[in-house]
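Let's take a walk through this fold, one piece at a time. Keep the structure open beside you as we go.

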Amino acid sequence: PNPKPRPKSEPVIGKAFGVIKFRDKEGNDYDFSLPRRDSKTGEGHTGFDIQVDPNMSPMEAASRRDFTFNSMAYDPLNGELHDYFGGQSDLANKILRATDKEKFGEDPLRVLRGMQFAARMGLTIEPETAQLASQLADQLPELYKND
């Protein structure tokens, strides 16, 4: 007989990104991103100082996410969806939009993530987000440097 899968959680391996992965009894995978502050300290995707901050407001935590549909948060205790930046509407309309125009430019990996989301989910990149991504093109080689 096959044993039933057990709930399992584990922190993401590598730098302290404040993410916990969880698999429930049914085998569904969930990622929980803890509220955190990022400060750009160097080149590439790993050139950040990351501090988990449990006192950060949900809206402030959501504002640092790359795209509006990634900035939504679900409160399982109250059954509430927190959508401060219109992610639900953007997702329904198949639009990929940067959450925060200034913060988007801090990490060139967001360009590659955006292309992946657009291709995988059939999203149209909002024109201002496309312009922001094109401005980061010269930073993409940073992602391939050895850390």
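Start at Val19: across from it in strand S3, its bridge partner is Ser33. Keep in mind throughout that this is a predicted model. The Val19 pairing belongs to a set of 5 bridges that join S2 (residues 19-23) to S3 (residues 29-33), with the two strands running antiparallel. Look along the pair and you'll also find Phe22 standing opposite Tyr30 in S3. The two strands make a hairpin, with 5 residues between them. In that turn sits Gly27, which has a positive phi of about 90°.

Now jump along the chain to helix H4, residues 109-121. Does its length add up, or is it off? At 1.5 Å a residue, its 13 residues should span 18 Å, and the end C-alpha atoms are indeed 18 Å apart, so the two values agree. Which residues of H4 are buried? They are Arg110, Val111, Gly114, Phe117 and Ala118. Seen down the axis of H4, these buried residues fall within an arc of 130°, so they line one face of the helix. That spacing makes sense, because an α-helix has 3.6 residues a turn and residues three or four places apart point the same way. Over on the other side of H4, Ala119 and Arg120 are exposed.

What covers the buried residues of H4? The cover includes strand S8 (95-96), helix H3 (101-104), strand S9 (124-125) and helix H5 (127-135). Just past H4 comes Gly122, another residue with a positive phi, this one near 65°.

From here we can step into the interior. The largest nonpolar core has 13 residues, and those with the most contacts inside it are Phe67, Phe69, Leu96, Phe104, Val111, Phe117 and Leu123. H4 and H5 are the elements that give two or more residues to this core, and H4 gives the most, with 3 residues. That fits a broader pattern: in soluble globular proteins, nonpolar side chains tend to be buried together.

Pick out Phe104 from that group and see who it meets. Leaving aside its neighbours within four places in sequence, Phe104 is in contact with Asp66, Phe67, Ala98, Arg110, Val111, Leu132, Ala133 and Leu136. Two of those contacts, Arg110 and Val111, are among the buried residues of H4.

Not everything tucked away is nonpolar, though. Thr68 lies in the loop between helix H1 (58-63) and strand S6 (73-75). Is Thr68 buried or exposed? At 1% relative accessibility it counts as buried, because the cut-off is under 20%. The side chain of Thr68 makes a polar contact with that of Asp90, at 2.7 Å. Beyond residues up to four places away in sequence, Thr68 touches Phe85, Gly86, Gly87, Asp90, Arg97, Ala98 and Thr99.

Finish at Glu126, in the loop between S9 and H5. With 12% relative accessibility, Glu126 also counts as buried. Its side chain makes a polar contact with the side chain of Thr129, at 2.6 Å. Setting aside neighbours within four places in sequence, Glu126 is in contact with Ile95, Leu96, Arg97 and Lys101.

Key: Residues are numbered from 1 along each chain as its sequence is written. This is a predicted model: local features need pLDDT of at least 70, side-chain atom pairs count only at pLDDT 80 or more; totals for chains, interfaces and linings use all residues. Side-chain values use heavy atoms; hydrogens and water are left out. Two strands pair if DSSP finds at least two bridges between them. Helices (H or I, at least four residues) and strands (E, at least two) are DSSP runs, numbered from the N terminus. The expected span of a helix is 1.5 Å times one less than its number of residues. Buried means under 20% relative accessible area, exposed over 50%, partly exposed in between (1.4 Å probe, protein chains only). The arc is that of the directions from the helix axis to the C-beta atoms. Contact means heavy atoms within 4.5 Å. A nonpolar core is a set of buried Ala, Val, Leu, Ile, Met, Phe, Trp, Tyr and Cys residues joined through side-chain atoms within 4.5 Å. A polar contact is a pair of N or O atoms within 3.5 Å; within protein, one must be able to donate a hydrogen and the other to accept it, and residues adjacent in sequence count only if both atoms are side-chain atoms.
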